[in-house]
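Subject: A structure to look through

Dear colleague,

I am handing over the structure below, and I would be glad if you opened it beside this message. After it I have set out what was found, one topic at a time.

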Amino acid sequence: MRVVIALCLIAPFVAMLWVSSYAKIDPTFIGIPFFYWYQMLWVLISTALTMIAYKLWQRDQHARKGGASA
């Protein structure tokens, strides 16, 4: 479970640090160059991945507390 949480949190950093993968103009989306809309898309993806990581962390902590008291 913690590996999945780590992957959810690391994926946006890897995607944004690999600049050569998105440092281009085409394809454009409603007139916006790829460079810009790709980064904005990752804002949304990062939000979703952070929410998933948080929910998984809560579930993991709840399972640990439940297992320790039993």
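One aromatic cluster is formed by Tyr-22, Phe-29, Phe-34, Phe-35, Tyr-36, Trp-37, Tyr-38 and Trp-42; please keep in mind throughout that this is a predicted model. The count of aromatic pairs comes to 7. One of them is the pair of Phe-29 and Trp-37, whose ring centres are 6.0 Å apart with 55° between the planes, a geometry that is called tilted. Phe-29 is partly exposed, because its relative accessible area of 48% falls between the limits of 20% for buried and 50% for exposed, and Trp-37 is likewise partly exposed, with a relative accessible area of 23%. The rings of Tyr-38 and Trp-42 also pair, with centres 6.5 Å apart and planes at 65°, and since an angle over 60 degrees counts as edge-to-face, that is the name this pair receives.

Tyr-38 and Trp-42 both belong to helix H2, which covers residues 34-69, and they are 4 residues apart, or about one turn of the helix. An α-helix has 3.6 residues a turn, so residues three or four places apart point the same way. Are Tyr-38 and Trp-42 buried or exposed? Both Tyr-38 and Trp-42 are buried, and for Trp-42 the relative accessibility is 15%, which is under the 20% limit and therefore counts as buried.

One more feature involves a ring of this cluster: the charged end of Lys-24 sits over the ring of Phe-34, at 5.3 Å from its centre.

The next topic is the nonpolar core. The largest nonpolar core holds 10 residues, namely Ile-5, Cys-8, Ala-15, Tyr-22, Phe-34, Tyr-38, Trp-42, Leu-49, Ala-53 and Leu-56. The elements that give two or more residues to this core are H1 and H2, and H2 gives the most, with 6 residues. In soluble globular proteins, nonpolar side chains tend to be buried together.

What does Tyr-38 touch, once its neighbours within four places in sequence are left aside? Tyr-38 is in contact with Ala-15, Met-16, Ser-21 and Tyr-22. With residues up to four places away again not counted, Trp-42 touches Ala-11, Pro-12, Ala-15, Met-16 and Leu-49. The C-alpha atoms of Trp-42 and Leu-17, by comparison, are 12 Å apart in space, while the two residues are 25 residues apart in sequence.

Now to helix H1, which runs over residues 2-17. At 1.5 Å a residue its 16 residues should span 22 Å, and because its end C-alpha atoms are 23 Å apart, the expected and the computed lengths agree. Even so, H1 has a kink of about 30° at Ile-10, shortly before the proline Pro-12. The buried residues in H1 include Ile-5, Cys-8, Pro-12 and Ala-15, whereas Ala-6, which also has its place in H1, counts as partly exposed at 32% relative accessibility.

Some pairs that lie far along the chain from each other can be compared in space. Ala-6 and Gln-58 are 52 residues apart in sequence and 14 Å apart in space, C-alpha to C-alpha. Met-51 and Cys-8 are 43 residues apart along the chain, and their C-alpha atoms are separated by 9.2 Å. Met-51 is in helix H2 and is exposed, because its relative accessible area of 54% is over the 50% limit. Asp-60 is found in H2 as well, but at 10% relative accessibility Asp-60 counts as buried, and Asp-60 touches Met-1 and Arg-2 when residues up to four places away in sequence are not counted.

Lastly, please look at the loop between H1 and H2, where both Pro-27 and Ile-30 are found. Most residues other than glycine have a negative phi, and most peptide bonds are trans. A cis peptide bond, with omega about 0°, joins Asp-26 and Pro-27, and Ile-30 has a positive phi of about 45° although it is not a glycine. Ile-30 is exposed, with a relative accessible area of 72%.

With best wishes

Terms used:
Residues are numbered from 1 along each chain as its sequence is written. This is a predicted model: local features need pLDDT of at least 70, side-chain atom pairs count only at pLDDT 80 or more; totals for chains, interfaces and linings use all residues. Side-chain values use heavy atoms; hydrogens and water are left out. The expected span of a helix is 1.5 Å times one less than its number of residues. The bend at a residue is the angle between axes fitted to the seven residues ending there and the seven starting there. Buried means under 20% relative accessible area, exposed over 50%, partly exposed in between (1.4 Å probe, protein chains only). Rings of Phe, Tyr and Trp (its six-membered ring) pair if their centres lie within 6.5 Å; planes under 30 degrees apart count as stacked, over 60 as edge-to-face and the rest as tilted. A charge sits over a ring if NZ of Lys or CZ of Arg is within 6 Å of the ring centre and within 35 degrees of the ring normal. A nonpolar core is a set of buried Ala, Val, Leu, Ile, Met, Phe, Trp, Tyr and Cys residues joined through side-chain atoms within 4.5 Å. Contact means heavy atoms within 4.5 Å.
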